[in-house]
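Reader: Please take me closely through one part of this model, the small sheet and the helix beside it. Then set that part in its wider surroundings.

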Amino acid sequence: MEKVTQGLRAQDFHEGLRETKTFGPKEAYFEKTLRIGKAAFLAMHLRGLLYVDDYTVLKFAAAQLGIGGSELPVILGELEEIDFVRIKRSGDEIKRVDIRVPEFRTGYEELGARWEDLKPCEVERAGVATLQSLMHLPRSEADLIRSLGMGQTEFSMLCDVMKDGQLLRVQTIAGQKIAYTPLVVDEDPTAYLQWTDRFPSAVSEALKILTEHQGLPASDPTISDNAALNDAIQTGVLMPARVNGATGTQQFLFAPRGGLTPEERVILDKARAILASVRYGQRFAAGRRIIHPRAILERLRDYKRFKTGHPDLRTQYSPLLEKFVGRPIDEGGGLWNFQIYDTDENMKALEVAIDMLEIGETPTVKIDLAAKKALLSPREYLGPIPTRTILARSITGSPETRAEIIKQLSAIGRGMKVR
Amino acid sequence: MSTEKDLSLKLRFKRVLFQMGYYSPVNVQLSQYPGSTPKKKALTDLDVLGLKFDEVLTPHRVVCDCKSGKDISDPNRLFWLRGVTDYFGANAAYFLRPRIGGHARAIAPKLGVRTIDEKELQQIETDLNVDALPLPIHDLGFHEQKQSLWGIWVPEHTKPTSEQLGLKKVYTYLSYEYWYVDQHRNLLLLVAHFQDIAHLLNPNNSRHVLLAQTGLERFVHCLLEMGNVIYARGLSDLPGNARIYLYGGPLALREKEKFFELLNKVTAANESLDPPFLNDLLELTNRIVHNPNAAVDILRTLEATYGWCVQLGNRELSPVFGGGSPVGAIVLARDAAITLAKATGIREDLFSHLLAL
């Protein structure tokens with residue numbers, strides 16, 4: 001598995017499990033993955049800052065991200081290990097954290113390499129591999145157990161942790177238990193599973209195409225000649241974004257993404273609309289086409305509008321008007337500009353769009369605005385009002401997992417060494 | 001001919017410039033290597049060069065000629081200074097003399113040069129409260145202490161070793177060539193020079209620490225100059241505009257890309273035009289560009305760190321900056337030191353004083 005993928009999946013594990021209570025198998029078998037996941041999540045929020053010289057503020061922000069105060073030094077230590085931060089200490093005390101998180105690359109490569117260096121145990125390796133595999137194609141539960149080569153107890157623990165982290169679900173289709181990950185389901189899991197059942201050999205490749213080319217036009221031969229993708233559009237597995245621009249209406253497809261809160265879903269929808277509009281300019285503009293889509297997105301993020309107006313902008317970016325991302329501005333002489341509303345949500349949507357363009361995946365959709373705000377305005381106390389109230393979920397272990405926990409606890413009680 | 005009196009004037013003006021936010025190397029020498037001869041040919045030297053970058057990285061450069069001797073034609077010096085001003089693209093030029101005659105005063109405004117005599121210099125020093133600065137920039141002994149560590153030391157009647165000759169190349173580059181070659185070439189040249197001597201530099205050797213420190217100052221200067229061009233071309237494509245600058249313009253960049261394409265085709269190699277450390281340089285430049293309030297003070301912070309911490313053994317920089325530590329500038333300066341060390345392979349602990357801040 002590629003290092004970038006390992007880093008991304010580790011972050012998925014942390015994001016999925018951050019709102020769950022402590023649970024033996026999670027702490028014992030996913031320690032290193034969660035450590036790297038937390039490091040990745042924190043790095044994503046620190047990116048763009050120069051330094052943090054108020055450690056208390058950093059603790060506040062980290063807590064918002066599911067990183068406890070006592071584990072923060074360990075997480076920072078991991079980031080220091082890959083040179084994403086430099087820590088100025090005075091004795092045991094952290095005085096300042098200098099930020100070096102890269103901005104022109106995602107940094108998941110380094111995080112994935114660090115995960116490997118930490119030598120994760122078999123269960124967490126299997127967990128990361130399972131998640132990655134299910135992101136390409138659902139599999140029968142029996143097939144999954146067979147391929148992992150694990151004992152029933154280990155597999156049960158793996159499933160318990162992943163299910164409670166919303167990383168894995170099992171649904172019965174035509175009498176067969178099918179495991180899939182909600183992370184790749186946009187709307188209806190049943191439609192998704194039926195689709196994967198109809199095109200078992202084509203799904204993996206289809207999802208790969210969409211991930212690598214987020215915002216691909218439906219008229220592109222890669223899609224129009226692909227039976228599986230056409231079927232996915234017709235059955236609602238994929239939800240194309242529509243742009244009615246200067247040269248007609250076009251639809252743009254995106255890799256499905258699930259496991260989001262309603263607020264995150266809104267941001268993803270906005271990001272898709274933004275990228276679809278830019279893709280239209282890349283492929284279907286009436287005049288000169290967009291050559292550097294990233295530069296366009298960064299321009300909108302940094303300056304909130306285009307340098308100069310263009311006749312096509314009004315129609316090309318009209319989907320953004322409907323989603324309250326911005327509005328067209330008449331510059332006269334038939335030229336239009338587009339003004340982005342400068343809100344946290346819209347800026348986050350632009351970041352997500354850049355991510356989709358660059359790495360295909362959308363890790364920034366999980367950026368916690370309250371934590372980011374805490375880091376940017378260090379003197380401000382963030383009460384519970386702006387942050388979402390989260391109730392920690394308890395992980396309900398399967399009978400096998402509970403039996404294993406009792407076995408381990410009994411061994412400790414008896415002073416016996418197990419494993 | 002430079003005298004001790006000249007030096008005193010230079011250092012006093014350097015202290016004034018420091019208070020005005022400038023980083024200011026003294027005795028900047030321009031030399032070139034004409035034709036195929038390896039012998040250096042001195043062109044001229046400048047007494048004080050002041051460099052400052054504002055929040056949008058626009059460079060502000062001042063040049064200064066300090067003369068205290070009697071057999072000097074002030075108008076001649078002024079005309080010369082005008083040429084040097086143009087060469088460095090300076091925004092201002094200063095001519096310092098203990099006394100300045102009426103002829104020179106009359107012609108100076110037409111040449112865009114400011115004249116400052118002893119009395120006026122004293123007034124500027126008072127107005128800028130330079131005595132409150134604890135860093136003894138104007139002290140001859142303090143300056144000499146630093147100068148004595150510059151260059152290789154070869155006992156009389158002995159030949160320099162090959163290692164010393166290697167170091168000498170870098171001294172020569174930093175002292176002379178740096179100010180002569182096209183600025184856009186300096187960043188990659190500087191890294192290449194330090195890569196060549198990385199294995200020789202020892203953090204326990206004071207000469208080596210000063211050499212690395214000077215390299216770091218020039219490195220930051222290169223990044224700030226690049227930042228200025230990136231600003232001019234547009235921030236929306238920082239990596240693209242940085243490459244255009246580093247490789248000498250869009251046309252030169254295309255030529256170089258084509259050259260590498262052909263090279264790889266002919267040799268079946270997979271060489272990239274961009275050196276492996278370029279990404280780190282771009283990331284650092286990005287942090288500099290997006291932290292303007294900190295960026296303006298990096299060069300001065302570096303100068304202060306060497307004088308205040310390395311030479312005088314202090315551990316906190318805040319007294320030099322009026323009690324407030326320039327944290328942002330320190331962070332960027334540390335960042336630059338780490339990036340330079342990574343790019344060149346020199347040891348990070350050559351900058352241990354900076355990294356301890």
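Author: What follows starts with the sheet in chain A, then moves to the domains, the chain contact and a set of helices in chain B.

Keep in mind that this is a predicted model. The sheet is open and has three strands, in the order E7-E9-E8 of chain A. Their pairing is antiparallel. Two strands sit at the edges: strand E7 (216-217) and strand E8 (241-245) of chain A. Each of these pairs on one side only.

Take the pairing of E8(A) first. Strand E9 of chain A spans residues 248-253. Five bridges join E8(A) to E9(A), and the two run antiparallel. They form a hairpin, with two residues between the strands. Two pairs help to fix the register. A:Asn244 stands opposite A:Thr249 in E9(A). A:Arg242 has A:Gln251 of E9(A) as its bridge partner.

Now the other edge. E7(A) pairs with E9(A) over two bridges, again in the antiparallel sense. Here A:Leu216 stands opposite A:Leu253 of E9(A). In a regular strand, side chains alternate between the two faces of the sheet.

Next, the helix on this sheet. Returning to the edge strands, E7(A) and E8(A) each pair on one side only. Helix H14 of chain A, residues 262-283, packs on the sheet. H14(A) touches E7, E8 and E9 of chain A. The direction of H14(A) makes about 45° with that of E8(A).

Where does this part belong in the domain assignment of chain A? Domain 2 covers 206-363, while domain 1 is made of 3-170 + 389-414. The sheet strands E7 (216-217) and E8 (241-245) fall within domain 2 of chain A. The centres of the two domains, taken over C-alpha atoms, are 32 Å apart. Their contact takes seven residues from domain 1 of chain A and five residues from domain 2 of chain A. On the domain 1 side, helix H1 (residues 3-17) of chain A gives the largest share, three residues. That side has two nonpolar, five polar and no charged residues.

The contact between chains comes next. It brings together 15 residues of chain A and 17 residues of chain B. Helix H15 (residues 293-303) of chain A gives the most to the chain A side, with four residues. By class, that side of chain A divides into five nonpolar, one polar and nine charged residues.

Finally, the helices of chain B. Two packed helices are described by the angle between their axes and the distance between the axes. Helix H6 (residues 162-180) and H7 of chain B pack at an angle of about 160°, with axes 9 Å apart. H6(B) is therefore roughly antiparallel to H7(B). Their crossing is left-handed. The contact includes B:Leu167, B:Val170 and B:Tyr173 of H6(B), with B:Phe194 and B:Ile197 among the residues of H7(B). By class, the contact has six nonpolar, three polar and two charged residues.

H7(B) (residues 183-197) also packs with helix H8 (residues 206-233) of chain B. Their axes come within 9 Å and cross at roughly 150°. H7(B) and H8(B) are therefore roughly antiparallel to each other. This crossing is left-handed. Among the residues in this contact are B:Leu187, B:Leu190 and B:Phe194 of H7(B), and B:Phe219, B:Cys222 and B:Met226 of H8(B). The classes here are six nonpolar, three polar and two charged.

How values were computed: Residues are numbered from 1 along each chain as its sequence is written. Chains are lettered from A and ligands numbered from 1 in the order in which they are written. This is a predicted model: local features need pLDDT of at least 70, side-chain atom pairs count only at pLDDT 80 or more; totals for chains, interfaces and linings use all residues. Two residues are in contact if their C-beta atoms, placed from the backbone, lie within 7 Å. Ala, Val, Leu, Ile, Met, Phe, Trp, Tyr, Cys and Pro count as nonpolar, Asp, Glu, Lys and Arg as charged, and the others, Gly among them, as polar. Two strands pair if DSSP finds at least two bridges between them. Axes are lines fitted to C-alpha atoms, for helices over the stretch in contact, and angles run from 0 to 180 degrees between N-to-C directions. Angles under 35 degrees count as roughly parallel, over 145 as roughly antiparallel, 65 to 115 as roughly perpendicular and the rest as oblique. A crossing is left-handed if the near helix is turned anticlockwise from the far one by less than a right angle, and right-handed if clockwise. Domain bounds come from an automatic or database domain assignment.
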